Amino acid sequence: MKSFPQRLLEGYRAFTTQRLPTEQSRYRELSERGQSPEVMVIGCCDSRVSPEVIFDVGPGELFVLRNIANLVPIYQPDENAHGVSAALEYAVTVLKVKHIVILGHAQCGGIRAFVDKIAPLSPGDFIGRWMSMFIKPGEVVEQRPHETMQDFVTRIEKAAVFRSIENLMTFPFVRSRVESGELQLHGAYFGVAEGSLFVLDRETKEFKSAREISE
């Protein structure tokens, strides 16, 4: 037991003495009635980009799925196991969330690995194979003339948000609810250094500062 991370034990003790007393009734309610979040967030595994922290939410408010580079694969109803698709199916068909937010971010390691075309990290290269679904067959993603590497990486980080939203619509149960108006798809981009959040305007296809969006 001594090998269990001490930081986690300390954090749990703080949780039980500080936060839990103020939210105990909420936890009991969630335990008895189950969860019913209206928002699903698909974000990156990056430890610096926690949806619960960024959006300052309490228990039961978000249904969160995190993976490398916040990617959503295309709909593939085959015999293989699909973790992202399973979570998406549960959120949409069981929980009936009203919003799905794809949360991209700056300094994404998965996107950087894709951009740099690095050698396989391991014999299996799970990351390389995972990132390969980011592009369509025959699609070429290259740095543009006069585009700095930083601008290139940022452009691809944001493109991953667009591609994931596009792939969401290949799922029949997502498309049907979007078309009926029961579900809305959103994109967002988080700047780690500044703590800035940008929300995708689907009409202009541009990310706008969350601070400038009127309530």
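Which residues does R48 touch, not counting residues up to four places away in sequence? They are H105, A106, Q107, F190 and V192. The model behind this answer is predicted.

**R48 and D46**

R48 sits in the loop between β1 and α2 (51–54). Its relative accessibility is 42%, so R48 counts as partly exposed. One of its contacts, F190, is far along the chain: R48 and F190 are 142 residues apart in sequence. In space, their C-alpha atoms are 10.0 Å apart.

Two polar links involve the R48 side chain. One is a polar contact of 2.6 Å with the side chain of D46. In the other, a polar atom of the R48 side chain lies 2.9 Å from the backbone oxygen of Q107.

D46 is found in the loop between β1 and α2. D46 has a relative accessible area of 14% and is therefore buried, the limit being under 20%. Leaving aside neighbours within four places in sequence, D46 is in contact with R66, H105 and Q107. H105 and Q107 are also among the residues that R48 touches.

**E147**

E147 lies in the loop between α5 (126–131) and α6 (149–168). Is E147 buried or exposed? E147 is buried, with a relative accessible area of 14%. Its side chain makes a polar contact of 2.8 Å with the side chain of R155. Beyond four places in sequence, E147 is in contact with F152 and R155. F152 also belongs to a nonpolar core described below.

**Nonpolar cores**

The largest nonpolar core has 27 residues. Those with the most contacts inside this core are M40, I42, L88, I100, L168, V174 and L185. Helices and strands both contribute: β1, β2 (62–67), α3, β3, α6, α7 (172–179) and β4 each supply at least two residues. The largest share comes from α3, with five residues.

V174 shows how parts of the chain meet here. Setting aside neighbours within four places in sequence, V174 is in contact with L88, V92, L168, L183 and L185. Another core lies apart from the largest one. This other core has 13 residues, among them A69, L71, F134 and F152.

**Pockets**

Two pockets are compared below.

| Pocket | Space | Lining residues | Nearest the centre |
|---|---|---|---|
| Largest | About 500 Å³ | 18 residues | P73, Q76, R129, W130 and M133 |
| Second largest | About 360 Å³ | 16 residues | V39, V41, F55, L62 and V101 |

What gives the largest pocket its lining? The elements that give two or more residues to the lining of the largest pocket are α3 (83–94), α5 and α6. By class, this lining divides into nine nonpolar, five polar and four charged residues.

The lining of the second largest pocket draws on strands. β1 (39–44), β3 (99–105), β4 (184–191) and β5 (196–201) each supply at least two of its residues. The largest share, three residues, comes from β4. Eleven residues of the lining of the second largest pocket are nonpolar, three are polar and two are charged.

**Shared elements**

Some elements return across these sections. α3 gives two or more residues to the lining of the largest pocket, and α3 also supplies the largest share of the largest nonpolar core. β4 supplies the largest share of the lining of the second largest pocket, and β4 also gives at least two residues to the largest nonpolar core.

How values were computed: Residues numbered from 1 in each chain as written. Predicted model: local features only at pLDDT ≥ 70, side-chain atom pairs only at ≥ 80, totals over all residues. Heavy atoms only, no water. Helix = DSSP H or I, 4+ residues; strand = E, 2+ residues; numbered from the N terminus. Buried < 20%, exposed > 50% of the residue type's maximum accessible area, 1.4 Å probe, protein only. Polar contact = N/O pair within 3.5 Å; in protein donor to acceptor, adjacent residues only side chain to side chain. Contact = heavy atoms within 4.5 Å. 1 Å grid on protein atoms, 1.4 Å probe; cavity = no way out; pocket = protein on both sides within 12 Å on 5 of 7 lines; lining within 4 Å. Points joined across faces, edges and corners; volume = space filled by probe spheres on them. Nonpolar A, V, L, I, M, F, W, Y, C, P; charged D, E, K, R; others polar. Core = buried A, V, L, I, M, F, W, Y, C linked by side-chain atoms within 4.5 Å.
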